[in-house]
Amino acid sequence: MRLPPALAASATPRIIELLGPPPARVLELGFAGIHAEPLRLAGFEVTVVEPDPAHFARARERAGEALAAMPDVDFDAAVAPDGADLTDVHAARVLLVARDGSVTERR
């Protein structure tokens, strides 16, 4: 089950805080691009992956570009909903957004 957009967006400041200073390559997975623009404005290089076809068009609207499948690329960090399938994610750090909007880090 997806987080409501307002709740997901409320996590963006904490995500930016945990990422630390840019530059960094960041993967946004499963949020339909909601974090992409603020992360780019903060100086991060962002790749948006939205595997859910029901939300893919919205991801492209928000992010300008989105992928439907995980690229074979290494990222400095990934941002994903808690419980997301991270099997194909290659990231040094993973920030998970919980159902209450809190953010935790997994290395």
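## Exercises: salt bridges and cores

**Exercise 1.** Glu 61 and Arg 58 sit three residues apart in helix 4, so about one helical turn separates them. In this predicted model, determine how their side chains meet and classify the exposure of each residue.

*Solution.*
- Step 1: The two side chains form a salt bridge, with an N to O distance of 2.9 Å.
- Step 2: Glu 61 has a relative accessible area of 57%; exposed means over 50%, so Glu 61 is exposed.
- Step 3: Arg 58, at 40%, is partly exposed.

**Exercise 2.** Locate the salt bridge partner of Glu 50 and state where each residue of the pair lies.

*Solution.*
- Step 1: The partner is Arg 2, and the closest N and O atoms are 2.8 Å apart.
- Step 2: Glu 50 belongs to the loop between strand 2 and helix 4, while Arg 2 belongs to the segment before helix 1 (5–10).
- Step 3: With these positions 48 residues apart, the pair links distant parts of the chain.
- Step 4: Glu 50 has a relative accessible area of 1%; buried means under 20%, so Glu 50 is buried. Arg 2 is partly exposed at 29%.

**Exercise 3.** Describe the largest nonpolar core and the elements that supply it.

*Solution.*
- Step 1: This core holds 24 residues, and Ile 15, Leu 19 and Val 97 have the most contacts inside it.
- Step 2: Elements supplying at least two residues each include helix 2 (12–19), helix 4 (53–63) and strand 4 (91–97).
- Step 3: Helix 2 gives the most, three residues.
- Step 4: Beyond its neighbours within four places in sequence, Leu 19 contacts Val 26, Leu 39, Phe 44, Ala 77, Arg 93 and Leu 95.

Note on methods
Residues are numbered from 1 along each chain as its sequence is written. This is a predicted model: local features need pLDDT of at least 70, side-chain atom pairs count only at pLDDT 80 or more; totals for chains, interfaces and linings use all residues. Side-chain values use heavy atoms; hydrogens and water are left out. A nonpolar core is a set of buried Ala, Val, Leu, Ile, Met, Phe, Trp, Tyr and Cys residues joined through side-chain atoms within 4.5 Å. Buried means under 20% relative accessible area, exposed over 50%, partly exposed in between (1.4 Å probe, protein chains only). Helices (H or I, at least four residues) and strands (E, at least two) are DSSP runs, numbered from the N terminus. Contact means heavy atoms within 4.5 Å. A salt bridge is a side-chain nitrogen of Lys or Arg within 4 Å of a carboxyl oxygen of Asp or Glu.
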